[in-house]
Amino acid sequence: MATTATFTLSTPDFTGGGSFSVTTTLLKAGTSTGIDQFTGIARVYKEAATADISLVANGDYTDDKSHRLYVKNTSTTAADTFVLMEVGSNEPIGRLFPGDWMYIPVDGTEDIKATTSAVGMSFEWGLFHEG
Amino acid sequence: MATTATISLTSDITGDALSINESATLTKSGSNVTNLDQFTGVNTVYYAAAQTETNIIAAADYPDTTVAHKVYIRNANTSTTCTVEVDIDSTANEPLGKLYYNDWCFFPWMGTKDIDISTNEVGVTVEFAVISQSVAS
């Protein structure tokens, strides 16, 4: 099995208009063996602004393994609405505005939560993991 | 012209093969037309010794809260056993997780907490960049 993640950043307004791209194959921790578990991509829709929606719960996944979380704010709400992403004891990571996405490693010892800031917001998420 | 960040995810783990290709235009908080106006460039840092909670991005250097900063970090090593752990907050050190061989991450950042890294081997190379807004919205 193979799972790949490619990141491309295009910055035409900065530093000479550069663009770069990196690709990684998702491997199990410390090995050359591909990740073999995946939650699928879930779509969450919240009629009302909702705090602390759990995506990853502390203890659900093994610590010190290779887990990867993808989240995208799929809302078409106003530009000042956002999905606030937090880790651990509500430590803020950042705000995903409509159309924004994130891709991060996940530690099995911390919660990952999302809070929607307005009515009628939606997001997608999926976790590649080792169990 | 605008700065864009694109992710392409492909996987054959499930029977229904996954193929995601999503692009985001990086605009300021509260706007979908005004582009982020600062970029650090892609920094490459070599650490001769293993690091413990070493600050690579300082919150004090950026406006915070009503911002749409974005952070990119990559473990630029070729060893499968080399890890770069990414933490939020230099005091609490809440771990996001570990980047293994050639792994990268990209995430929004509120600018309220430092971003630190820890490494487990000598001779580790880390890449990082911040695309940010100069003034909070």
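**Notebook: chains A and B**

Started with the interface. I find 53 residues of chain B in contact with 54 residues of chain A. Note to self: this is a predicted model.

Next I asked which elements of chain B supply that side. Strands S1 (4-11), S2 (18-25), S6 (69-75), S7 (84-88), S8 (94-99) and S9 (104-109) of chain B each give two or more residues to the side that touches chain A. S1(B) gives the largest share, with eight residues.

What is the chemical make-up of the side of chain B that touches chain A? I get 25 nonpolar residues, 20 polar and eight charged.

**Across the chains**

Since S1(B) came up, I looked at its pairing. Strand S1 of chain A (residues 3-10) runs antiparallel to S1(B), and eight bridges join the two. For one register point I wrote down A:Ser10, whose bridge partner in S1(B) is B:Thr4.

**Chain B as a whole**

Then I stepped back to the fold of chain B. I count 11 strands and zero helices there. Read from the N terminus, the element string is just β-β-β-β-β-β-β-β-β-β-β.

For dimensions, I have the C-alpha trace of chain B spanning about 45 × 40 × 25 Å along its principal axes. Of the 137 residues in chain B, 45% are buried.

How much of the contact set in chain B joins residues at least 24 apart? Taking contacts between residues at least 6 apart in sequence, I get 74%.

**Strand S10 of chain A**

Last stop was S10(A), residues 112-116. Why is this strand largely enclosed by the rest of the structure? Four of its five residues are buried, so the surroundings largely enclose S10(A). My cut-off for buried is 20 or more other C-beta atoms within 10 Å of the residue's own.

I also checked which strands pair with S10(A). Strand S5 of chain A (residues 53-56) pairs with S10(A) in the antiparallel sense, over three bridges. In that pairing I noted A:Ser54 opposite A:Lys113 of S10(A).

Strand S7 of chain A (residues 83-87) pairs with S10(A) too, again in the antiparallel sense, over five bridges. Here I marked A:Val83, which stands opposite A:Thr116 in S10(A).

To keep for later: S10(A) has antiparallel pairings with S5 and with S7 of chain A, while S1(B) is joined by eight bridges to S1 of chain A.

Terms used. Residues numbered from 1 in each chain as written. Chains lettered and ligands numbered in written order. Predicted model: local features only at pLDDT ≥ 70, side-chain atom pairs only at ≥ 80, totals over all residues. Buried ≥ 20, exposed ≤ 12 C-beta atoms within 10 Å, placed from the backbone. Pairing = 2+ DSSP bridges. Contact = placed C-beta atoms within 7 Å. Nonpolar A, V, L, I, M, F, W, Y, C, P; charged D, E, K, R; others polar.
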